Amino acid sequence: WLENANDWNLSRSRYWGIPIPIWTSEDKTEQICISSIEQLKAEADKAVAAGVMDKNPLADFVVGDMSKENYDLVDLHKNYVDEIILVSDSGKALTREADLIDVWFDSGSVPFAQHHYPFENKALIDNGSLFPSDFIAEGVDQTRGWFYTQHAIAGLVFDKVSYKNVISNGLVLDKNGVKMSK
């Protein structure tokens, strides 16, 4: 099955998901890929200084403060980050690419992202204390989604498996033999 796995699209045209962190000029000649909220805040400051935006929506966010109160100051969902206009080195306005990262990339990152890796607990992930997981449990219908994406992301990021064992339950079927979901 894995040998025949198809290419995996990074992006989706959806409303909910992780915004692709690429801002591009209208003429498509300049772009920037943002790697962190720290960089986004700094780039938004540049845009304010250049007159592209009136204010930085991340102005009150304190880089390095991992508290809930600090993170409650920002919202990185599509409807908020799409309002952030950045500026290129030549002074062109940059808007965020409209698509989102496929949500399976998000769920595939759960084993280490739940520990806020790499911003916190990095040593516990890197030394194997918290990752890979001993087991994962889910229905057999999650083979392509949940099971596969966790291994794919772990392989890309860590060059190892995401979990050691699987507990997979069958499906509940209705009177006609059709899968009942959730």
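The following exercises, each with a worked solution, concern a predicted model of one protein chain.

**Exercise 1. The four-stranded sheet**

Determine the strand order of the open sheet of four strands, its pairing sense, and its edge strands.

*Solution.*
Step 1. The order of the four strands is E4-E3-E6-E5, and the sheet is open.
Step 2. The pairing in this sheet is antiparallel.
Step 3. Strand E4 (31-33) and strand E5 (86-87) each pair on one side only, and they are the edge strands.
Step 4. E3 is joined to strand E6 (residues 93-96) by three bridges in the antiparallel sense. Across from Trp23 stands Arg96 of E6.
Step 5. E5 and E6 are likewise an antiparallel pair, with two bridges. Val87 has Ala93 in E6 as its bridge partner.
Step 6. The hairpin of E5 and E6 has five residues between the strands, and Gly91 in this hairpin adopts a positive phi near 95 degrees.

**Exercise 2. Side-chain alternation along E6**

Assign the side chains of E6 to the two faces, and state which of them are buried.

*Solution.*
Step 1. Leu94 and Arg96 point to one face.
Step 2. Ala93 and Thr95 point to the other face.
Step 3. Leu94 and Arg96 are buried, whereas Ala93 and Thr95 are not.
Step 4. The bridge partners can now be placed on this pattern. Arg96, which is opposite Trp23, belongs to the buried set. Ala93, the partner of Val87, does not.

**Exercise 3. The environment of Ser25**

Is Ser25 buried or exposed, and which residues does Ser25 touch beyond four places in sequence?

*Solution.*
Step 1. Ser25 lies in strand E3, which covers residues 22-25.
Step 2. The relative accessible area of Ser25 is 1%, and the limit for a buried residue is under 20%, so Ser25 is buried.
Step 3. Leaving out residues up to four places away in sequence, Ser25 touches Glu30, Lys92, Ala93 and Leu94. Of these, Ala93 and Leu94 point to opposite faces of E6.
Step 4. A polar atom of the Ser25 side chain lies 3.2 Å from the backbone nitrogen of Thr29.

**Exercise 4. The three-stranded sheet**

Give the order of the open sheet of three strands and locate a bridge pair between E1 and E7.

*Solution.*
Step 1. The order is E1-E7-E2, with antiparallel pairing.
Step 2. The edge strands are strand E1 (11-12) and E2, each pairing on one side only.
Step 3. Two bridges connect E1 with strand E7 (residues 100-101) in the antiparallel sense.
Step 4. Arg12 has Leu100 in E7 as its bridge partner.

**Exercise 5. The largest pocket**

Describe the largest pocket by volume, by central residues, by contributing elements and by residue class.

*Solution.*
Step 1. The volume of the largest pocket is about 1400 Å³.
Step 2. Its lining comprises 39 residues, of which Ile18, Ser35, Ser36, Leu76 and Phe119 are the closest to the centre.
Step 3. Two or more lining residues come from each of strand E2 (18-19), helix H1 (37-49), helix H4 (103-108), helix H5 (110-113) and helix H7 (143-158).
Step 4. The lining consists of 27 nonpolar, seven polar and five charged residues.

**Exercise 6. Backbone geometry in the loops**

Identify the cis peptide bonds at Pro118 and Pro132, and examine the positive phi values of Lys28 and His116.

*Solution.*
Step 1. Tyr117 and Pro118 are joined by a cis peptide bond with omega of about 5 degrees. Pro118 is in the loop between H5 and helix H6 (122-126).
Step 2. From Phe131 to Pro132 the peptide bond is also cis, and omega is near 5 degrees. The loop between H6 and strand E8 (133-139) contains Pro132.
Step 3. Lys28, in the loop between E3 and E4, has a positive phi near 65 degrees although the residue is not glycine. With a relative accessible area of 60%, above the 50% limit, Lys28 is therefore exposed.
Step 4. His116, in the loop between H5 and H6, is a further non-glycine residue with positive phi, at about 60 degrees. Its relative accessible area of 25% falls between the limits of 20% and 50%, so His116 is partly exposed.

Note on methods:
Residues are numbered from 1 along each chain as its sequence is written. This is a predicted model: local features need pLDDT of at least 70, side-chain atom pairs count only at pLDDT 80 or more; totals for chains, interfaces and linings use all residues. Side-chain values use heavy atoms; hydrogens and water are left out. Buried means under 20% relative accessible area, exposed over 50%, partly exposed in between (1.4 Å probe, protein chains only). A polar contact is a pair of N or O atoms within 3.5 Å; within protein, one must be able to donate a hydrogen and the other to accept it, and residues adjacent in sequence count only if both atoms are side-chain atoms. Contact means heavy atoms within 4.5 Å. On a 1 Å grid over the protein atoms alone, a cavity is a set of points where a 1.4 Å probe fits but cannot get out, and a pocket is an open set with protein on both sides within 12 Å along at least five of seven lines; lining residues have an atom within 4 Å of a point. Grid points are joined across faces, edges and corners, and a volume is the space filled by probe spheres set on the points. Ala, Val, Leu, Ile, Met, Phe, Trp, Tyr, Cys and Pro count as nonpolar, Asp, Glu, Lys and Arg as charged, and the others, Gly among them, as polar. Two strands pair if DSSP finds at least two bridges between them.
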